[in-house]
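Colleague: Could you walk me through how the helices pack and where the charged side chains pair up?

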Amino acid sequence: MAKKKIIVEDVSVRYILGDFKETSLKDVIIQKLKGTYQQKEFWAVKNVSFQLDKGELLGIIGSNGAGKSTLLKVISGIMIPTTGKLAVNGTLASLLELGSGFDGELTIKENTFLRGAMLGYTREFMEKTYRDILEFAGLEEFEDRLFKQLSSGMKSRLAFSIACLVNPEILILDEVLSVGDGAFRQKSEKKMIEIIKGGATTLLVSHSLSQIRRLSTKVMWLDHGELLAFGDPKPICDEYEIFLKKQK
């Protein structure tokens, strides 16, 4: 039996909260010595477990603050879970925040090769792939422009193109298919379908329920860090749609 691409077991992420504007370090130490110090904490993800096979696309839905982005950061290796464990089997490319991993003082070309190196690809591979990345992003005429001079749409197109065209085994995307013009969104979705058919395992956070319905093979519904549902997209999306209507 093929090895699972992603295994998440009872993963939780806790943030420590505190108003240090009102409480000085000296006061905290005194309170700890007296035994009166109370630590505030917030659990962004609570005991989440799931597994994904090769070629599956997991659509992750939930309201703002549900823990979606935090969970993706854990799977991407950016954050270490407070409790639980996980296994990610394969080369991974993640696109979590617009502009992350890029240097504003470098050109598009320089940033593309830098990003490729950060993802673990050789210069030879990036030289073969570079023109395809530029063409897909529609940035052939801008390769010598500084990254900081790009519009948000151009930055997003470049980031998405690099993430998808380096052929990762696991691709993680957080609200990146909703940016850019309509033509690029259609091209992005078409590319996502190619990636899935090519066997890549993908995790996609999106507030577009129609997009989740079209692309996902499985859906996860998070609410206040807890896993409410995981499995077949249609019934979960239907239930979530009813939930959203009740919130209005």
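Modeller: To fix terms, axes are lines fitted to C-alpha atoms, for helices over the stretch in contact, and angles run from 0 to 180 degrees between N-to-C directions; helices (H or I, at least four residues) and strands (E, at least two) are DSSP runs numbered from the N terminus. This is a predicted model, where local features need pLDDT of at least 70, side-chain atom pairs count only at pLDDT 80 or more, and totals for chains, interfaces and linings use all residues. Residues are numbered from 1 along each chain as its sequence is written, and side-chain values use heavy atoms, with hydrogens and water left out.

Colleague: OK, at what angle do helix 4 and helix 6 pack?

Modeller: Helix 4 (residues 123-137) packs against helix 6 (residues 182-197) at about 135 degrees, the axes being 11 Å apart.

Colleague: And which residues of helix 4 and helix 6 make the contact?

Modeller: Glu135, Phe136 and Ala137 of helix 4 meet Phe184, Lys187 and Lys191 of helix 6, where contact means heavy atoms within 4.5 Å.

Colleague: Switching topic, how many salt bridges are there?

Modeller: The count comes to 14 salt bridges, each a side-chain nitrogen of Lys or Arg within 4 Å of a carboxyl oxygen of Asp or Glu. One of them joins Lys4 and Asp53 at 2.9 Å, N to O. Lys4 lies in the segment before strand 1 (6-17) and Asp53 in the loop between strand 2 (40-52) and strand 3 (57-61), so the pair ties together parts 49 residues apart in sequence.

Colleague: Which residues form a network?

Modeller: Arg213, Lys234, Asp238 and Glu241 are joined into one network by salt bridges that share partners.
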